Amino acid sequence: QVQLVESGGGSVQAGGSLRLSCVYSTYTYDYNYYYMAWFRQAPGKEREGVAAIYTGGGSTYYADSVKGRFTISQDNDKNTLYLHMNSLKPEDTAMYYCAACRGGSGHTLEVSRFGCWGQGTQVTVSS
């Protein structure tokens, strides 16, 4: 059973930083966690991809809107995925979700390609 638990959200002023964490459950190497990503969804908007990573090799992929400000990383010893967010803007305000169980291959931030989701953690950036 795939379980993803996010934490680390909160309220911050514009220009501030936050680090989100996603702990995933696995007893042995599980292909479901081979490629993981962060998504976000603001009220009234569609869910959008933010960043993704191959957890084995570390190759990363970012949405243009967060390049240079956000960094995705993982600690396989702790079964934890991170999203380091710097220079936050009010438009970054959203519920942030961790995702796994990616179908297909190659870098992607398409919502439909991921089959497993966490419950989300709220990030609010005030101006």
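Which backbone nitrogen does the side chain of T121 reach? In this predicted model, the side chain of T121 reaches the backbone nitrogen of G9, at 3.0 Å. The legends below begin with that residue.

**View 1. Surroundings of T121 in strand β11.** The residue T121 belongs to strand β11. Its relative accessibility is 10%, and T121 therefore counts as buried, the limit being under 20%. The polar contact shown joins the side chain of T121 to the backbone nitrogen of G9 over 3.0 Å. Apart from neighbours within four places in sequence, the residues in contact with T121 are E6, S7, G8, G9, L20, A94, M95 and Y96.

**View 2. The largest nonpolar core.** This core holds 38 residues. The members that touch the most other members are L4, M36, W38, L81, L83, M85 and Y96. At least two core residues come from each of the strands β3 (18-24), β4 (35-41), β5 (48-54), β7 (70-75), β8 (80-85), β9 (94-102), β10 (114-117) and β11 (121-126). Strand β9 gives the most, with six residues. In soluble globular proteins, nonpolar side chains tend to be buried together.

**View 3. The aromatic pair of F39 and F114.** The structure has six aromatic pairs. In the pair formed by F39 and F114, the ring centres are 5.2 Å apart and the planes stand at 75° to each other, an edge-to-face arrangement. The two residues come from distant parts of the chain: F39 is in strand β4 and F114 is in strand β10, 75 residues apart. F39 is buried, with a relative accessible area of 0%. F114 has a relative accessibility of 5% and also counts as buried.

**View 4. The aromatic cluster and two arginines that lie over ring faces.** Ring pairs connect Y34, Y35, F39, Y54, F114 and W117 into one cluster. Two members of this cluster, W117 and Y35, each have an arginine over the ring face. R47 is placed over the face of W117, 4.8 Å from the ring centre. R102 is placed over the face of Y35, 4.3 Å from the ring centre.

**View 5. The disulfide of C22 and C98.** A disulfide is a covalent bond between the sulfur atoms of two cysteines. The structure contains two disulfides. In the one formed by C22 and C98, the sulfur atoms are 2.1 Å apart. The angle about the S-S bond is -75°, and the link of C22 and C98 is left-handed. Because C22 lies in strand β3 and C98 in strand β9, the pair ties together parts of the chain that are 76 residues apart in sequence. C22 is buried, with a relative accessible area of 0%, and C98 is likewise buried at 0%.

**View 6. The disulfide of C101 and C116.** The sulfur atoms of C101 and C116 are joined at 1.9 Å. The torsion about their S-S bond is about -90°, so this disulfide is left-handed. C101 lies in strand β9 and C116 in strand β10, so the pair ties together parts that are 15 residues apart in sequence. Both C101 and C116 are buried. With the bonded cysteines of the protein chain numbered in sequence order, the pairing reads 1-2, 3-4.

Definitions and conventions
Residues numbered from 1 in each chain as written. Predicted model: local features only at pLDDT ≥ 70, side-chain atom pairs only at ≥ 80, totals over all residues. Heavy atoms only, no water. Core = buried A, V, L, I, M, F, W, Y, C linked by side-chain atoms within 4.5 Å. Buried < 20%, exposed > 50% of the residue type's maximum accessible area, 1.4 Å probe, protein only. Helix = DSSP H or I, 4+ residues; strand = E, 2+ residues; numbered from the N terminus. Phe/Tyr/Trp six-rings, centres within 6.5 Å; stacked < 30°, edge-to-face > 60°. Lys NZ or Arg CZ within 6 Å of the ring centre and 35° of its normal. Polar contact = N/O pair within 3.5 Å; in protein donor to acceptor, adjacent residues only side chain to side chain. Contact = heavy atoms within 4.5 Å. Disulfide = S-S within 2.5 Å.
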